[in-house]
Amino acid sequence: MKIAILPGDGIGPEIVAEAVRVLRALELPLEMETAPVGGAAYEAHGHPLPESTLKLAQAADAVLFGAVGDWKYDKLERHLRPEQAILGLRKHLGLFANLRPAICYPQLTHASSLKPELVAGLDILIVRELTGDIYFGQPRGRRTAPDGAFAGAPEAFDTMRYSRPEIERIAHVAFQAARKRAKKVTSVDKANVLETFQFWKDVVTEVHAQYPDVQLEHMYVDNAAMQLVKAPKAFDVIVTGNMFGDILSDEAAMLTGSIGMLPSASLDANNKGLYEPSHGSAPDIAGKGVANPLATILSAAMMLRYSLAQPEAADRIERAVQAVLAAGLRTGDIWSEGTTRVGTREMGDAVVAAITGKTITKS
Ligand code: IPM
Ligand code: MG
């Protein structure tokens with residue numbers, strides 16, 4: 001099993017290093033090869049997604065990705081910015097289905113900004129379409145406004161679009177995921193205003209006919225944003241487009257106490273995938289050894305489950321994470337009174353120890 005390891009920028013290298021140590025502790029026949037991506041790749045090769053990195057990712061069975069981005073690259077032309085690396089990987093590898101679970105661990109209920117009773121037991125899965133929508137729609141650019149009240153003025157524009165097959169395939173992913181869970185899908189749209197999302201709603205409704213055992217509800221995105229903080233446990237699976245999914249998944253992540261806990265999977269039609277923490281590169285804390293590596297470690301577990309067909313190994317990682325939380329170990333983002341604050345490396349050590357059966361000490 002070949003894994004491409006792409007640590008990236010900011011805290012990426014630190015957190016990926018811990019996930020790699022956890023993977024090695026499983027003693028599986030995993031072949032891991034590392035390549036630069038994002039700002040790190042721009043520095044080394046003049047491009048955020050060098051040909052060699054893309055080739056490695058294409059040849060691998062799965063990709064473990066850290067994070068990309070740093071404010072210092074904000075002035076670069078768009079095609080050279082670190083974010084283009086992740087967008088390029090999604091597009092080139094056809095990773096259209098982004099799964100972002102938002103689970104509130106019992107030990108972390110008090111880390112949420114919502115009242116504990118609202119989030120205790122929270123378990124939502126956001127299924128975000130990842131290769132279409134306004135992120136990739138053409139044409140886009142800058143021009144002189146051709147008409148309207150501001151004709152003649154400089155303007156910028158993007159194109160929101162979805163084709164029927166794109167909506168169908170992500171709807172199938174959502175309904176199939178719901179079948180293994182609480183059997184409810186909320187399709188989030190803006191059908192009251194946008195043609196693209198009226199079409200989205202129509203197509204999701206059609207696909208639903210094949211899943212009579214799953215309940216489907218439709219919700220406008222503004223209401224969904226509100227319901228997520230009002231009664232988040234009413235959701236099971238949320239399926240939505242690329243941009244709404246980007247926004248709602250950050251919101252859902254925060255319900256759980258820390259975005260530092262949440263893994264994600266981005267899958268193609270054959271379950272080959274890229275696995276990354278839902279959080280970003282956090283350049284402000286990079287290199288300090290304080291970042292939470294658990295989202296990346298849990299992403300490695302998702303990789304074992306979805307792309308490498310190793311569900312027992314995935315369970316071992318997830319149980320180990322539960323064990324270190326139960327033992328009271330916390331990085332700064334999830335620390336609270338009465339728990340033990342640890343750094344990135346110590347958190348990784350504790351997960352490795354839990355996997356290999358050694359005891360976890362509290363100091
Ligand atoms: C995400 C990120 C990316 C996105 C950025 C880094 C391009 O916010 O994975 O959610 O917008 O998809
Ligand atoms: Mg985002």
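**Helix packing and the setting of Val342**

Helices α1 and α10 are oblique to each other, since their axes, which come within 8 Å, cross at roughly 45°, and this angle falls in neither the parallel class, under 35 degrees, nor the perpendicular class, which runs from 65 to 115. In this predicted model, α1 comprises residues 12–25 and α10 residues 294–306, and the crossing of α1 past α10 is right-handed. On the α1 side the contact is formed by Ile15, Val16, Glu18, Ala19, Val22 and Leu23, which meet Thr296, Ile297, Ala300, Met303 and Leu304 of α10. Sorted by class, the residues of this contact comprise nine nonpolar, one polar and one charged.

A second helix pair consists of α8 (residues 221–230) and α9 (residues 242–255), whose axes come within 10 Å and cross at roughly 10°. Helix α8 is therefore roughly parallel to α9. The contact involves Val221, Ala224, Ala225, Leu228 and Val229 from α8, together with Phe244, Leu248, Glu251, Ala252 and Leu255 from α9; by class, it has nine nonpolar residues, one charged residue and no polar residues.

Val342 lies in the loop that links β14 (340–341) to α12 (344–356). Its relative accessibility is 8%, and Val342 therefore counts as buried, the cut-off being under 20%. When residues up to four places away in sequence are left out, Val342 touches Leu329, Arg330, Thr331, Gly332 and Met347. The C-alpha atom of Val342 is separated by 9.9 Å from that of Gly328, a residue 14 residues apart from Val342 along the chain.

Methods:
Residues numbered from 1 in each chain as written. Chains lettered and ligands numbered in written order. Predicted model: local features only at pLDDT ≥ 70, side-chain atom pairs only at ≥ 80, totals over all residues. Heavy atoms only, no water. Helix = DSSP H or I, 4+ residues; strand = E, 2+ residues; numbered from the N terminus. Buried < 20%, exposed > 50% of the residue type's maximum accessible area, 1.4 Å probe, protein only. Contact = heavy atoms within 4.5 Å. Axes fitted to C-alpha atoms, helices over the stretch in contact; angles between N-to-C directions. Parallel < 35°, antiparallel > 145°, perpendicular 65-115°, else oblique. Nonpolar A, V, L, I, M, F, W, Y, C, P; charged D, E, K, R; others polar. Left-handed = near helix turned anticlockwise from the far one by under 90°.
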